[in-house]
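Q: I'd like to learn how to read a few features of a model, starting with one side chain and then moving out to an interface. Can you walk me through it?

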Amino acid sequence: MTIDRTTIEKVMKLARLELDDTEIERLTRDCQAILGYFEVIRELDRGGVPPAGALERAAPLREDLADADPLERPVEAMAPEWRDGYFLLPRLAAMDAEVEEDDAAG
Amino acid sequence: MTASNGYEPVIGLEIHVQLKTASKMFCGCRVEFGAPPNTLVCPVCLGLPGALPVVNGRAIELAVRAALALSCEVRDRSVFARKNYFYPDLPKGYQISQYDRPLAVGGSLEMPGEGESGPGDVRIRRLHVEEDSGKSLHDRFAGRTAVDLNRAGVPLAEIVTEPDLRSAGAARAFLGRLRQALEYLEVSDCNMEEGSLRVDANVSVRPAGSDVLTTKTEVKNMNSFSQLEKALEFEAARHISIISGGGTVEHETMLWDPARGEARPMRGKEEVHDYRYFPEPDLPTLELEKGLVSRVKDGLPELPWQKVRRFTDVYGLPAYDAEVLSATRDVAGYFEAVAGAAGDAKAASNWVMVEALAASNERGLPVAELGVEPEQLAELIGLVKDGTLSSTLAKQVFHKMVGTGRTVAQVIDEEGLRKVSDSGELEVWIEEVMQSNPAEVARYRDGEEKLLTFFIGQVMRKSKGAADPDRLREVLLSALSEAD
Amino acid sequence: MMRPASPTVAELRDDLRSGRVSVEAVLRGTLSSIAASDSERPALGAFLSVAVAELDDQVEALDRAFAAGDEVGPLAGVPLALKDNICTLDLPTTCGSKLLEGYRSPYEAAVVRRLRAAGALVVGKTNLDEFAMGSSTENSGFGPTRNPWDRERVPGGSSGGSAAAVAAGLVPLALGSDTGGSVRQPGSFCGVVGLKPSYGRVSRYGLVAFASSLDQIGPLAGTVTDAATLLSVIAGPDRFDSTAEDVPVPDLSGPAGAGVEGLVVGVPREYFPDDLDPRIAGLCREAIERLEALGAEVREITLPHTRYAIAAYYLVANAEASSNLARYDGVRYGERASDAESTLAVYRRTRGAGFGREVKRRIMLGTYGLSAGYYDEYYGRGQRARRLIVEDFERAFASGIDVIFAPTSPTVAFRLGERVDDPVQMYLSDVFTVPANLAGTPAVSIPVGWIDGLPAGGQFIARHFDEPTMLRAAQALERALADEASEP
Ligand SMILES: [Mg+2]
Ligand SMILES: [Zn+2]
């Protein structure tokens with residue numbers, strides 16, 4: 001269980017976190033220490049224990065009614081950018097001809 | 001599409017259908033198409049801090065219904081999972097879906113008599129429930145992406161087929177059949193324009209008849225049945241030309257461009273998706289209530305292909321007629337009601353296929369809402385059969401009933417559309433016809449007896465179809481045989 | 001045992017009923033002591049926001065009701081503080097994060113609705129480690145909270161603001177959230193009662209999620225009885241939380257004074273390791289002798305997988321957190337980075353600038369632990385260890401143990417800054433608290449004594465949903481220790 005800088009940078013992309021160089025350095029060190037401490041858990045690999053999964057009891061089901069918990073404030077009151085009823089943000093580059101971005105629809 | 005250069009396409013489909021519920025999958029927001037943006041939202045479907053999902057039981061029931069109709073094995077216990085990825089219209093940064101323990105697995109859809117379309121049955125790998133995302137609009141505001149979350153959280157069933165389709169045409173036929181079935185089941189509206197039915201495809205090609213595994217590509221953005229067929233034809237041909245040219249197909253996602261009629265690799269070399277699935281900790285196991293599966297099974301309507309078989313077997317209808325009459329539950333139900341009331345399936349079938357469907361298309365209404373009760377149409381059929389109405393007259397009666405809700409008797413009465421068999425009235429028309437056609441009268445009297453049909457036609461036209469054909473023939477014969 | 005300066009709920013209720021004091025006066029007093037706690041240097045820093053005019057209507061209505069002798073709710077006129085990761089309409093809900101600075105929730109948490117219905121006065125929102133990630137309240141984006149007993153020390157965390165507010169006598173009651181000990185450990189560091197209910201006992205609707213399968217809202221109070229009273233108000237099923245179980249809430253005041261006669265108390269050997277601070281071990285051993293003297297049967301037990309608990313906890317919690325925190329993308333709410341000129345930049349910069357160091361660390365570890373090729377190694381292993389820990393507890397309770405007693409934390413409150421650069425040391429302060437979260441069992445920490453002027457706590461852990469037995473034992477010990485303290 002260890003993690004190098006390349007992996008950290010890959011995970012940063014996956015997690016959509018921008019970090020500066022100092023942060024990356026420090027994070028790599030921290031993560032290595034933490035994962036090192038977690039090594040102990042490998043001792044459990046023998047024995048074929050099934051993992052704890054979803055809660056065993058049954059999920060409650062709700063009736064198909066239009067009874068949403070109402071919003072006490074309009075949506076736009078919290079929106080960073082809003083126009084004509086829409087949340088706005090800079091145009092997704094995957095839809096743009098000029099910009100290269102590794103951000104693609106899922 | 002037949003194998004080209006000795007290759008055959010191998011196609012699997014991944015279909016998303018919106019389940020027909022009143023509220024969303026995990027919250028009580030109303031489901032509605034076309035509402036003003038961001039008006040059908042709440043803490044849950046906006047992904048607000050602290051909000052939690054609660055499963056819509058009706059959505060589960062509809063998914064079970066679809067799964068059973070597709071002969072899937074429905075699991076008593078299944079598990080929701082989070083599919084993690086970032087996208088502006090995915091409010092929580094993950095979609096609640098199902099992953100390694102889906103609701104249903106291992107079904108099939110019968111695809112009879114499609115000839116070149118491939119093997120008879122298409123196997124269904126799995127069916128699971130999940131939530132829809134919102135919509136991102138990239139062209140509405142310059143330089144901005146606009147997000148509308150009304151659709152976020154609408155319940156979906158995802159249906160994944162095995163790669164059993166061997167041509168673009170077969171894929172189209174399969175999708176048509178699936179849509180018909182889901183509409184029958186009232187599980188979904190399956191409206192591709194409104195996005196309640198969406199389809200992606202996996203395409204690869206291989207030497208015909210072999211079972212070699214080859215690289216597949218994923219094709220997205222096919223927004224109609226014909227675009228699906230065109231896109232798959234294009235993509236299969238692209239694979240074949242690459243492979244037969246000695247190249248290798250790259251594993252990638254292709255975006256179909258209907259305007260240009262071509263599929264292009266999705267831009268930006270998307271980082272290989274890593275969805276980091278894990279069990280959704282906000283939802284316990286999805287456990288189906290005891291008896292739900294058998295109750296849903298018992299309540300399943302007869303499916304289109306079962307109906308076709310019964311219509312040919314029981315009513316002796318030709319296969320084509322049976323298909324037309326089973327196209328929707330509306331038409332099939334109407335036909336059966338008319339056939340039952342009239343006691344004549346053949347006549348009912350003709351009337352529904354021709355007159356009722358014409359009126360339905362013309363008015364854009366389901367046949368059941370045309371305002372002609374099945375009993376009334378049956379009565380009309382009876383009146384034709386016992387000679388009270390000519391079929392021309394009966395058709396007029398039918399079209400006058402459409403949209404008015406009037407009965408046969410009312411229409412005949414109010415419009416004066418009785419059959420005329422009184423010889424006095426008939427003689428007036430005959431007299432007029434004979435006077436305006438003296439040459440034909442002379443030729444008839446000289447022995448050209450086949451002109452009788454001509455005179456019958458002329459009188460019929462004059463009577464606007466009201467003349468009783470049998471009585472007319474009698475009176476006409478005697479009038480023509482009389483010397484002046 | 002020293003008790004915080006504020007009256008108990010029962011005392012306050014008597015004063016309000018008899019008219020000796022008005023709700024308005026209670027509120028005024030509370031607000032002025034909160035202000036005072038922050039005007040001293042260094043500031044206590046327990047609160048991030050305080051109600052000003054928001055409570056006027058409620059106060060007036062309550063005073064009218066008291067004057068008229070009308071029926072009022074069980075917490076009528078009682079000032080209460082909420083950890084700032086519990087959504088409120090009137091006050092901001094920041095989670096101690098710059099990213100949510102000024103965020104006002106357009107809906108209110110289920111527990112807050114219940115509190116209002118019970119008449120409680122929500123006087124303010126308390127400081128916490130950002131998104132409840134931490135054990136010292138130093139990870140707040142708005143500065144640390146200090147320990148009222150020694151302002152150079154931490155109050156514990158992540159519910160440090162709530163614990164400090166109760167310990168300083170600013171409010172008799174507060175709510176925190178406990179994911180790996182975040183109510184009990186600050187309770188222990190501050191010398192107050194900290195109660196983590198059974199998983200599923202209290203609705204999480206409106207609690208900003210850190211690790212969904214572990215989070216539980218819990219009371220902090222001056223006494224076990226007050227904590228139980230608060231729990232009985234907030235407990236019970238909720239149509240907005242699928243994990244809040246539909247089981248009746250038992251009478252939590254019922255066992256009051258019932259004592260521990262005949263109870264079997266298990267003492268897990270793994271919670272008294274050789275390197276445990278002998279003063280803490282000593283105080284806990286004394287408490288155990290007290291319980292025995294009160295008629296409990298004490299048995300040593302083993303919870304053999306305890307040594308894997310920290311790793312299991314962090315592997316599972318970080319994975320869930322990485323997903324729970326994905327929604328903070330600057331699209332719908334929160335502080336969007338101002339210079340972002342592409343979608344991707346909005347995400348990366350908003351999150352890069354908005355989240356603090358510990359939160360980023362956990363998002364990174366959690367994302368990594370769920371990513372392709374690592375799932376089994378990290379998240380899978382964590383969940384496997386979790387199952388073994390669950391089974392440890394099941395075995396213990398099946399063997400006839402009614403309640404488990406152990407230290408809450410291996411140390412007393414440490415100095416500010418002492419552990420911020422050593423995440424592993426910081427994580428180790430949760431070593432005795434995380435097992436109850438992993439197992440979903442209820443647990444309550446109560447003060448058991450003093451070490452160099454700093455409080456230390458011991459915790460009782462009971463079967464899932466057996467809060468009554470747990471509270472019965474905790475209350476018996478609390479009274480015994482109080483009697484001892486008052487002995488001449
Ligand atoms: Mg899907
Ligand atoms: Zn909603």
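A: Sure, starting with polar contacts: a polar contact is a pair of N or O atoms within 3.5 Å; within protein, one must be able to donate a hydrogen and the other to accept it, and residues adjacent in sequence count only if both atoms are side-chain atoms. Here, the side chain of T145(C) reaches the backbone oxygen of G45(C) at 2.5 Å, and it also pairs with the side chain of N127(C) at 3.1 Å. Keep in mind that this is a predicted model, where local features need pLDDT of at least 70, side-chain atom pairs count only at pLDDT 80 or more, and totals for chains, interfaces and linings use all residues. Residues are numbered from 1 along each chain as its sequence is written, chains are lettered from A and ligands numbered from 1 in the order in which they are written, and side-chain values use heavy atoms, with hydrogens and water left out.

Q: Is T145(C) buried or exposed?

A: Buried means under 20% relative accessible area, exposed over 50%, and partly exposed in between (1.4 Å probe, protein chains only). T145(C) has a relative accessible area of 0%, so it counts as buried.

Q: Where does T145(C) sit in the chain, and what does T145(C) touch?

A: Helices (H or I, at least four residues) and strands (E, at least two) are DSSP runs, numbered from the N terminus. T145(C) lies in the loop between β3 (121-126) and α5 (160-167) of chain C. Contact means heavy atoms within 4.5 Å. Leaving out residues up to four places away in sequence, T145(C) touches a set including L44(C), A46(C), T137(C), P155(C) and A164(C).

Q: How many residues does the contact take from chain C and from chain A?

A: There are 66 from chain C and 57 from chain A. Buried area is the accessible area (1.4 Å probe) that two parts lose on being put together, summed over both. Between chain C and chain A that comes to about 5600 Å², with carbon and sulfur atoms giving 65%. R348(C), M364(C) and R381(C) supply 13% of the area that chain C buries against chain A, more than any other three residues.

Q: How many salt bridges are there between chain C and chain A?

A: A salt bridge is a side-chain nitrogen of Lys or Arg within 4 Å of a carboxyl oxygen of Asp or Glu. The count between these chains is eleven. In one pair, R42(A) and E377(C), the closest N and O atoms are 3.2 Å apart. As for helices, α12(C) gives the largest share of the side of chain C that touches chain A, eleven residues.
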